[in-house]
Amino acid sequence: MLKFFFFNAVHLSGTKYGCGVGGCGACTVMISTYDPVTKHRPANSCLFPICSLHGAAVTTVEEVGSIKPRIHTIQERLAKCNGSQCGFCTPGKVMSIYALLRNHAEPSMEKIIAALDGRFQTVNWLVIGAACCLAQLRDILMKAVPKLAEEKTKIYQAFLQHLRTLAGEQMRSMASLGGHIVSRASTRELNPISSVGKSVLNLASEDGKRQILLNDQFLAGCEHADLKAKEVIVSVLIPYSMKDDFISAFRQAESQKNALSIVNSGMRILFSPGTDTIVDLSILYGGIGSTILSARKSCEKLIGRQWNDQMLNEACRLVLEEIFLPPSALGRKVEYRRTLLVSFLFRFYLEVLHGSDNIALTSPSLQYPFRCAELSQEKMSALGMLQSGIAQGVQIYQLRCVCRQPPQDPVGRPIMHQSGIKHTTGEEVYIDDIRPVDGELSLALVTNIKAHTKIMSINASEALQVPGVVDVVTARDVPGENGKDEQAYAEDKVFLASGGVVCVGQIICAVVAVKIVYEDLEPILTIEVTICLLFNNRFRILELEYLLDHRREDKEMDVYVSTQHATDVQVKQTLNLQYNKIMCHMKCVGGAFGGKITKPLLFAVIAAVAANKTGHAVCFALERNMDMLITGRWHPFFGKYKVGFMNDGRIRAADFQCYINGGCTKDEFESVSPSLIPLIGQCIYILNLLVRGHACKTNLPSNTAFRGFEFPQAGLFVETCIVAVATQTDLPHEKVREINMYKRVNLTSFKEKFDAENLWKCWEECLDKPDYYSKKKGIAIIPMKFSVGFNATYFHQVTSSNQSLVHIYIDGSVLVTHGGIELGQGIHTKMSHRELKIPLSYIHLCETSTTTVTSGKYTAGSTGTEINARAVQDVCQILWKHLDPIQRDNPNGKWEDWISEGHKQSTSLSATGYFKGYVTNMNQDTEKGHAFPYFRFGVSCSENIGTDIVMDACFTINPAIDIGQIEGAFIQGVGLYTLEEIFFSPEGEQLTLGPDTYKIPAICDIPEQFCVYLLPNSCNSIAIYSSKGVGEARFFLGSSVFFAIQDAVAAARKERGLPMDFTPNSPLTVERICMACDDVFTEMVRLFSSLL
């Protein structure tokens, strides 16, 4: 593929490799061809075969611009407007916009948003070449529709409806219409429309040319209606619609754009002229079976019927009988998909009524006996497509008093990310961009395919015969410990008495084609099963887990790794080496969010053992599906509560039981359960509180600590309890929250003292901003009290003696190293440069390495900047003490003069710094302690058109970076609570392993009105420069969207007289929203299913 050609053949590393299936856009390049319709198009290089590029030009991000000699305006604006964080996907964004601008010098906002998401002739139809890409087809139709009479364009408009949301722009620019049609997959959304529109396929072969209908029989693969051997599709004839035609297209997906449809449909009806009598009817559905399904029998029975409510009821019954979906159907969501069958039919019924009314208005000579005016307001609300508006953001923050601040002092200023330009040019070097060394070997994993089993034997003989295979590495090759809590390599029965593997995806050995014999055992897959035995869940790592181990002389080992915790990756015990012979290097990490703390140790062991055995450098990278299978996610959470409350909503007592699915090994859950208990209170003061936490062992991949460290689960649980109390007391939700929130100086449930003043300031400010009380439904305001850091001083410790290391060179330039790792949060940009009182251009920060930082702790818990900045502050103050005599002797001198003189006087211009960390403790026996250094407060209010966030960030070190962190964390939280669902098979196999089945938020999910307001005149005496960490805290505020949706569903249920005491689970997906509304269609499906 083209991406690998860039790296291996022409040594270009700006184009990044993300998912490998065209879903993330990190690998986007521009393909240019000589074509009178379109010349430049974005494409996913991970899917583009080199052989398809004959006569084409390929432009990568390196050609667009680089630091030398110049950067492009796109790159400059993206960097200076703080459009990147970790930067891993940024080159792909640059290329998408660049390709757009090459085609449209002044694009509309809609085209810009779409970018980030053939020849033809006209007679009485359109003839589109089969090789025409979908993006070009969209452009052709958009030009053709305005030129034609409206009655002729109904099928074209149905096409356009899908082409605006089908896949991303890169995929639309690559995928051809012919390929879309001939694949006949159930999710190919244009095929049902083509079929009901009576499209014709023009075919060719050595035997000549012919035409066939693109009908339901072709889509079903019937032999008499199919292509013959060696026959190809040359073009597709798409006819005009007729004046009595009505054609509609429908789709429902997990996400509005760039997502495979759950169910899609094309429907067409033809009436006898001037009547409501059905002459012809076609209904096709995708997403139900393995191919497109036709409701042919149902349609035949409805011919001759009048278009009225009685016909609709009969049509729904017939369709549910004909399009059968068994409970065990592939793709799950059976009841929901059956509901969509009749929901789409109802929408079509209304659209036909509405369309007939429009025809009557524009053509008085055409009168139908049914009129749209007869529709109720409720039914009219179902018409029209939901379209995302153009997002508009407002960022409000207070600058420090710059009049008293030296111009070179960066603290409090919105300074661009230090690596922002390199992010946009693709010149930032991630682990994946390191050039191979001589003799380097690649390593692949063999993983377990059963949830709970014993390995009886491992036979590598066939693998070793494969050309290119050097060796197979198993547990027998580990000279020391085979991992800590989790085995690096599974051990067979001969090697270890148990010989057990405990989840699908557990690593068995490294390399390829290994024969494994199993003995099956009974798996445990859910929290509920674990509870019965008395003893869902998100991913977000951008850059793939990646290691490069290189064995050197004297038994030294270089490890280049993408991790948040370098000290833990030093593989000492595995290789039986001392720490001083293992050098771990981290330049920057392409996204982490907590997911690269524990797992990189496991991967480091695998690569190190292979390098040790073979004597060669070993490169080890996980493909996206393997990454999602192995690395774990947020712990699925199951909660039970009992609450005692007064009529005014005041909670007097609560009993919370919390269960987390830890997976097959401990990983982080020993830390998670103790942390969960003090987090459970959120902003709510409950005098009598009992919290019990349980970690459940299951035969699923082990879960780990992601952004928020269980607070997202605990906070949602508590706020769900608040909603239940409000429902029972028939009080507004915000009133119940207000009456139970901490006030003034107070004590937490674990007796830690804190002041809630800023919590209330955030609350009141947020209530004012969206005119909260004027909104009636579909709105929620959620407060947050988030604890920074960890509940033990040890985890805040920067290092034993040399966490920060600063060298001042003879020319006055400064090299700074520290123990924090750049994850995209701007830690290098926010380091304490003000202490040296010199311009930023004098200072360079190099990679994080265990050669300079011997025993640093995690870069996590939103404390990375402040604890490392304290250490840098310490070392800078030491250096100033060294320079103080020289400065006193020459007070009017410049920095370079003092450094030059210091060098002459043999003054030490290098020093190390140290910060012990915040003093915290939590006594689990007494349930008391000063568990956290301080708390962060915030409030988020979300409704159907926007979100307002008010945050207590105190005096932010860099408002541009911090607001970016707030916005990014919020959107990530929206994904957690509304989109990102994990599915496992009954056998414990994970089914959501890539962007096609696991959806994260896209640009269309950003609130149309997005305001972030940093609370002014706030300070924090504990953290450096009176700042507060922001990275993790804002994640939970995405739950305001969850509760706004719940409020809208509650309003819908109330209108129908349904019970209000319902509890939706997270994520609140489109399926769960639909089924919670419990409307006439869900009721119809349930009734029909009960009769089967």
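# Cysteine site, sheets and helices in a predicted model

Thr15 touches Lys3, Phe6, Ala26, Cys27, Thr28, Val29, Ser45, Thr60, Val61 and Glu62, leaving out residues up to four places away in sequence; contact here means heavy atoms within 4.5 Å. This is a predicted model, in which local features need pLDDT of at least 70 and side-chain atom pairs count only at pLDDT 80 or more, while totals for chains, interfaces and linings use all residues. Residues are numbered from 1 along each chain as its sequence is written, and side-chain values use heavy atoms, with hydrogens and water left out.

Thr15 lies in the loop between α1 and β1. Helices (H or I, at least four residues) and strands (E, at least two) are DSSP runs, numbered from the N terminus. Thr15 counts as buried because its relative accessibility is 3%. Buried means under 20% relative accessible area, exposed over 50%, and partly exposed in between, with a 1.4 Å probe and protein chains only.

## The listed cysteines

An unreviewed UniProt entry lists Cys19, Cys24, Cys27 and Cys46 under "binding site". These four are spread over 28 residues of sequence, yet they cluster in space, with a largest C-alpha distance of 10.5 Å. UniProt positions are given in the numbering used here, feature names are shortened, and annotations may be inferred rather than shown by experiment.

Two of the loop positions and Thr15 are set out below.

| Residue | Loop | Relative accessibility |
|---|---|---|
| Cys19 | between α1 (2–8) and β1 (28–32) | 8%, buried |
| Cys46 | between β2 (40–44) and β3 (57–59) | 6%, buried |
| Thr15 | between α1 and β1 | 3%, buried |

Neighbours within four places in sequence are again set aside for the contacts of the two cysteines. Cys19 is then in contact with Cys24, Arg624 and Pro995. Cys46 is in contact with Met1, Lys3, Tyr17, Gly20, Val21, Gly22 and Cys27.

## Strand β7 and its partners

Strand β7 covers residues 232–239, and 6 of its 8 residues are buried. Two strands pair if DSSP finds at least two bridges between them. Strand β4 (residues 125–129) runs antiparallel to β7 and is joined to it by 5 bridges. Strand β5 (residues 200–205) is also antiparallel to β7, with 5 bridges between them. Ser235 in β7 is the bridge partner of Gly129, and Ser235 is the bridge partner of Asn202 too.

## A sheet of five strands

An open sheet is formed by 5 strands in the order β12-β36-β35-β34-β28, with mixed pairing. At its edges are β12 (392–396) and β28 (780–787), each of which pairs on one side only. From one strand to the next the twist averages 10°. For angles, axes are lines fitted to C-alpha atoms, for helices over the stretch in contact, and values run from 0 to 180 degrees between N-to-C directions.

Between β28 and strand β34 (residues 935–942) there are 8 bridges, in the antiparallel sense. Within this pair, Lys785 has Phe937 in β34 as its bridge partner. Helix α25 (residues 757–768) lies across β28, β34, β35 (946–951) and β36 (1009–1014), and runs at about 15° to β34.

## Helix α5

Helix α5 spans residues 109–116, and its residues Ile113, Ala114 and Ala115 are buried. The elements that cover the buried residues of α5 include α4 (90–103) and α8 (169–174).
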